[in-house]
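I opened a new notebook page for this structure. My plan was to look up ring contacts and charged contacts, and to note where each partner sits.

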Amino acid sequence: MKLTIYPPAKQAKGAFDGGKITELKPIGFPGEGSAVKRIGPLFYWAWAHAPEEGYIPMHPHQAFEIITYMIHGHAEHSDSLGTQSRVAAGGAQVMQTGSGVSHSERFIGPDSEGFQIWFEPYIKEALLRTPTYHQYDHEHFPAAVSDGVTVKTVIGEGAPVQLVADACMWDVELATGKAYSHTLSAGRTLAALAVRGDGEWTGAGEPAAFHHRDFSVLEADSGHASEVTVKTEAGLRLLLIEVPGNVDYPLYQKR
């Protein structure tokens, strides 16, 4: 297994509404400077913060499947489908943008914090689909709790979010001194963002420490599955996304 850790200095940055919304981007758009350009169908990943309130006006999307997942505060959504919605911490808004939809977003604090993540299905087929919007509250997602470790499934088995793109996503919290192990099938990649706290990876060569806001990318060997373990001394929250390293359809080429 190959492990690479990207600190915030190797991630892109962005801002909206005159700086009222700031973003750290583990995976950015072309030209934004992120070291990671994409991981298979995982196309874009932004971590947004709004100390008070910030607004992104109506803008269009096509084809991509876009999830907004809130950590703190609220997010409001309005779109050309007629949707008006608001989601709180732990909830998600999911757009399968298909043939095209326009939407606006508002992040509402104090200290609003959330992720917007784009997944890429086969664009040629996605453009033929009717766009959809779905919203899910924290209580809609299954969570397993065992020995100080909570694993909430956001995309994957038992979760209400159903995407065309091949992806799984978990919100994992570890109490002080606890560990979590993840088995990664051959040819798949695990992307991990340290939302809170510090930790250490084992099972991918030499033990490797990481810190708050670091972005870890773990790539399984093509021939066999691998198991990796993360542990923490003082508590940790990770957002994990697993995708295939390669897909059987052409991907959009970032420029």
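**Entries on charged and aromatic pairs**

I began with Glu76, which is partly exposed at 28% relative accessibility. I note here that the model is a predicted one.

I looked up the partner of Glu76 and found Arg86, in a salt bridge whose closest N and O atoms are 3.3 Å apart. This pair links distant parts of the chain, with Arg86 in strand β7 (residues 84-88) and Glu76 in strand β6 (residues 65-79), ten residues apart. Arg86 is also partly exposed, at 42% relative accessibility. I then followed the contacts further and found a network of salt bridges that links Glu53, Glu76, Arg86 and Arg106.

I asked how many salt bridges the structure holds. The count came to 13. As background, I wrote down that side chains of opposite charge can pair when their charged atoms come close.

Next I looked up Arg196 and Glu113, whose side chains meet in a salt bridge at 2.7 Å, N to O. Arg196 lies in strand β15 (residues 188-197) and Glu113 in strand β9, so this pair ties together parts 83 residues apart in sequence. I checked both for exposure: Arg196 is partly exposed at 37% relative accessibility, whereas Glu113 is buried, with a relative accessible area of 6%.

My last salt bridge entry is Asp171 with Arg237, where the closest N and O atoms are 2.6 Å apart. Asp171 is in strand β13 (residues 168-174) and Arg237 in strand β20 (residues 236-244), so the pair ties together parts that are 66 residues apart in sequence. I recorded both Asp171 and Arg237 as buried.

I turned to the rings. A search of the whole structure gave 14 aromatic pairs. One of them is Phe29 with Tyr44, a stacked pair at 4.0 Å centre to centre with 15° between the planes. Phe29 sits in the loop between β3 (21-27) and β4 (42-50), and Tyr44 is in strand β4, 15 residues apart. Phe29 is partly exposed, with a relative accessible area of 28%, but Tyr44 is buried at 3% relative accessibility.

Phe29 also pairs with Trp118, edge-to-face, at 5.2 Å centre to centre and 75° between the planes. Trp118 lies in strand β9 (residues 101-119) and Phe29 in the loop between β3 and β4, so this pair ties together parts that are 89 residues apart in sequence. Trp118 is buried, with a relative accessible area of 9%.

I closed the page with the ring cluster: ring pairs link Phe29, Phe43, Tyr44, Phe64, Trp118 and Tyr252.

How values were computed
Residues numbered from 1 in each chain as written. Predicted model: local features only at pLDDT ≥ 70, side-chain atom pairs only at ≥ 80, totals over all residues. Heavy atoms only, no water. Phe/Tyr/Trp six-rings, centres within 6.5 Å; stacked < 30°, edge-to-face > 60°. Helix = DSSP H or I, 4+ residues; strand = E, 2+ residues; numbered from the N terminus. Buried < 20%, exposed > 50% of the residue type's maximum accessible area, 1.4 Å probe, protein only. Salt bridge = Lys/Arg side-chain N within 4 Å of Asp/Glu carboxyl O.
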